[in-house]
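Let's take a walk through this one together, beginning at a small local detail and working outwards. Have the structure open and ready to rotate.

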Amino acid sequence: MTKQNQAALSPALRRRRLTETGIGYLFIGPWLICFLAFSLVPFVISFVLSFMDYNMLSAPTFVGFSNYVKLFTGDKLFKTSLGVTFRFVFIAIPLRLAFALLVALILNRQSKMVPLYRVVYYLPSILGGSVAVSVMWRYCFSKTGVLNTALQAIGIASNISWISNKDTALWSLILLFIWQFGSPMLIFLSGLKQIPKSYYEAAECDGAGPLVRFFRITLPLLTPIIFFNLVMQMIGGFMVFSQAMIITDGGPMNRTLVYALYLYRQSFAYYKMGYGCAMAWVLMTIIGFFTLLVFRSSSAWVFYENEIK
Amino acid sequence: MRQKKAVNTVCFHLFVGFLGFIMIYPLIWMVFSSFKESSLVLSTVGQLFPSKWCTDNYVNGWSGFGGTTFTTFFKNSFIVTILTVIGNVIASAMAAYGFSRVKFKGRGFWFVCMMITMMVPSQVLVVPQYVIFHSLGWVDTFLPLIVPEWGGRAFFIFMMMQFIAGIPQELDEAAEIDGCGKIHMFSTIVVPLIVPSMATSAIFSFYWKWDDFMGSLLYLNSPKNYTVSIALKLFCDPTAVSDYGAMFAMCVVSLLPVIVLFLFTQRYIVEGIAMSGLKA
């Protein structure tokens with residue numbers, strides 16, 4: 001009797017599972033179609049194209065590893081752009097995170113004004129990606145710009161154009177990047193709010209000063225958030241493009257030729273699309289390598305509360 | 001003790017206020033410059049307030065270039081951005097629900113695929129995407145900017161999944177016993193409960209699309225199709241620009257939609273970022 005029941009049930013159950021699968025694909029359908037058409041297929045094509053010569057006019061021809069060989073042996077600008085990007089990432093990101101943490105620490109207190117300050121400090125991050133802000137930045141750091149005027153007002157004679165001087169141009173881009181520290185700041189702020197007050201009270205009872213409290217309590221408990229911010233910011237930093245294009249357009253003397261800008265020029269100005277794809281895969285390998293490095297190193301410096309036994 | 005605390009508070013406000021002022025000074029400077037006489041913009045940098053307020057810059061700037069006015073550019077930007085936001089939010093909410101609450105074959109695999117897309121740099125996809133859109137005949141239309149967004153974004157899907165995880169499973173079971181199907185459950189129970197995360201997604205979707213420069217640069221060729229970002233780039237090109245007042249005026253106008261949206265919705269943004277660690 002029960003066996004019969006089960007036998008009768010199981011096709012019904014199977015049908016239910018089947019409709020469940022149908023419904024599941026119905027829900028993820030739009031995402032799945034776009035993923036296949038605009039991510040997965042291009043991903044595969046990109047890999048194939050990186051071994052080809054392709055200029056969109058004639059059919060692609062297979063050239064083996066020659067794009068990659070040329071990148072590493074015959075392309076001076078490739079090395080230049082890689083150097084610029086590394087300098088940008090390894091200066092701008094630690095500074096942005098440090099600044100974000102510092103401001104978060106300062107703002108982490110009870111005050112009616114804090115929400116207003118939060119808005120003011122976050123505003124640059126909301127606007128920073130726009131063309132308008134890049135244009136504004138160009139005239140803030142030009143010869144007669146805001147920075148020089150301000151420096152002169154406090155008695156420092158400064159007459160250089162920060163964006164067209166080869167030693168300072170990259171720094172003006174780095175400063176623009178640091179200026180947008182708003183989102184890591186907000187993430188730090190929410191992390192700080194989660195640290196129990198009792199920790200600090202106990203430390204104070206034991207006579208720990210503010211510095212000790214910061215290094216022994218705040219910083220270790222924030223390491224998971226620092227880790228998260230570091231990964232996210234690093235990926236974004238390697239891909240920086242529009243600011244470099246609008247503010248300096250790679251100049252002066254390629255000092256701000258970031259990798260993504262050079263890749264764009266190869267692909268869409270010279271129409272060397274296979275070469276551009278090869279560059280993109282090198283970029284992805286680099287990003288993957290550093291992401292893995294951060295993940296691997298995390299066990300040494302990221303602190304999780306459940307480690308306490 | 002109390003005195004010391006008061007001094008402390010004053011120092012805090014002075015320092016934070018001053019730093020904040022320095023941070024947004026360039027923006028303030030740009031706004032005031034746009035009201036100066038155009039010829040004085042770059043010669044009176046040290047003077048914040050215009051000696052004579054004039055709105056000519058806005059009139060001159062709005063006339064655009066090549067016979068196309070900023071009315072067209074703004075219209076284009078709004079079309080692209082609004083269609084993107086709608087598609088982004090709907091598709092993301094659907095996918096988030098599918099991944100969280102429907103048990104189907106291949107769910108785990110597709111979820112991993114989705115998470116990986118967050119790590120792949122857009123540069124890897126940009127050339128093949130261009131080739132695909134070119135062969136579809138979509139270049140110089142809005143389609144390459146809008147259609148891919150109708151699949152949602154991994155960031156938003158992931159964020160909404162966090163929200164859905166907070167909805168008790170029992171609610172699903174109770175609804176199911178009452179004979180409520182998954183689709184009905186999604187539209188009547190889940191959507192109303194995840195409105196905050198949908199709002200956050202919509203806001204970020206708006207920002208990212210409004211500011212998107214790369215897409216417009218690649219796919220829009222004729223001035224009548226330009227969005228604000230690419231039009232502004234060409235309008236402000238250092239080799240072409242001569243009317244600095246108009247340039248700043250148009251920069252200010254282009255930021256207005258974003259600033260207005262930000263001021264009205266900053267609560268959602270702050271909470272959204274704190275919850276999911278969205279980059280922006």
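Start at A:Y271, where phi is positive, near 55 degrees. This residue follows α12(A), in what is a predicted model, so let's step back into that helix.

Helix α12 of chain A spans residues 259-269 and is mostly covered, with eight of its 11 residues buried. Which residues of α12(A) are the buried ones? Reading along the helix, they are A:Y259, A:A260, A:L261, A:Y262, A:L263 and A:Y264, then A:Q266 and A:S267. Now look at what sits around them. Within chain A, the buried residues of α12(A) pack against α3 (76-107), α10 (210-238), α11 (242-248) and α13 (273-301). Chain B joins in too: its helix α5 (122-135) also packs against these buried residues.

That contact takes us across to the other chain, so here's another pair of helices to look at, one from each chain. Helix α4 of chain A (residues 114-127) and helix α1 of chain B (residues 2-33) have axes that come within 9 Å of each other and cross at roughly 25 degrees. Angles under 35 degrees count as roughly parallel, which means α4(A) and α1(B) are roughly parallel. As for the hand, the crossing of α4(A) and α1(B) is left-handed. If you want to see who meets whom, pick out A:Y117, A:V120, A:Y121, A:L123 and A:P124 on the α4(A) side. Facing them from α1(B) are B:V16, B:G20, B:M23 and B:I24. It's worth remembering that an α-helix has 3.6 residues a turn, so residues three or four places apart point the same way.

Now zoom out to chain B as a whole. How many helices and strands does chain B have? There are 13 helices and zero strands, so to speak a run of α after α from the N terminus on. The C-alpha atoms of chain B fill a box of roughly 75 × 75 × 30 Å along the principal axes. Its radius of gyration is 24 Å, whereas a compact globule of 280 residues would come out near 19 Å. Even so, buried residues make up 42% of the 280 residues in chain B. Among the contacts in chain B with a separation of 6 or more, 76% are between residues 24 or more positions apart.

Finally, swing back to chain A and take in its overall layout. The domain assignment gives chain A a domain 1 covering 2-49 and a domain 2 covering 69-307. Taken over C-alpha atoms, the centres of these two domains of chain A are 40 Å apart.

Definitions and conventions: Residues are numbered from 1 along each chain as its sequence is written. Chains are lettered from A and ligands numbered from 1 in the order in which they are written. This is a predicted model: local features need pLDDT of at least 70, side-chain atom pairs count only at pLDDT 80 or more; totals for chains, interfaces and linings use all residues. Domain bounds come from an automatic or database domain assignment. Helices (H or I, at least four residues) and strands (E, at least two) are DSSP runs, numbered from the N terminus. The radius of gyration is taken over C-alpha atoms; the globule rule is 2.2 Å times the number of residues to the power 0.38. A residue is buried if 20 or more other C-beta atoms lie within 10 Å of its own, exposed if 12 or fewer, and partly exposed in between; C-beta atoms are placed from the backbone. Two residues are in contact if their C-beta atoms, placed from the backbone, lie within 7 Å. Axes are lines fitted to C-alpha atoms, for helices over the stretch in contact, and angles run from 0 to 180 degrees between N-to-C directions. Angles under 35 degrees count as roughly parallel, over 145 as roughly antiparallel, 65 to 115 as roughly perpendicular and the rest as oblique. A crossing is left-handed if the near helix is turned anticlockwise from the far one by less than a right angle, and right-handed if clockwise.
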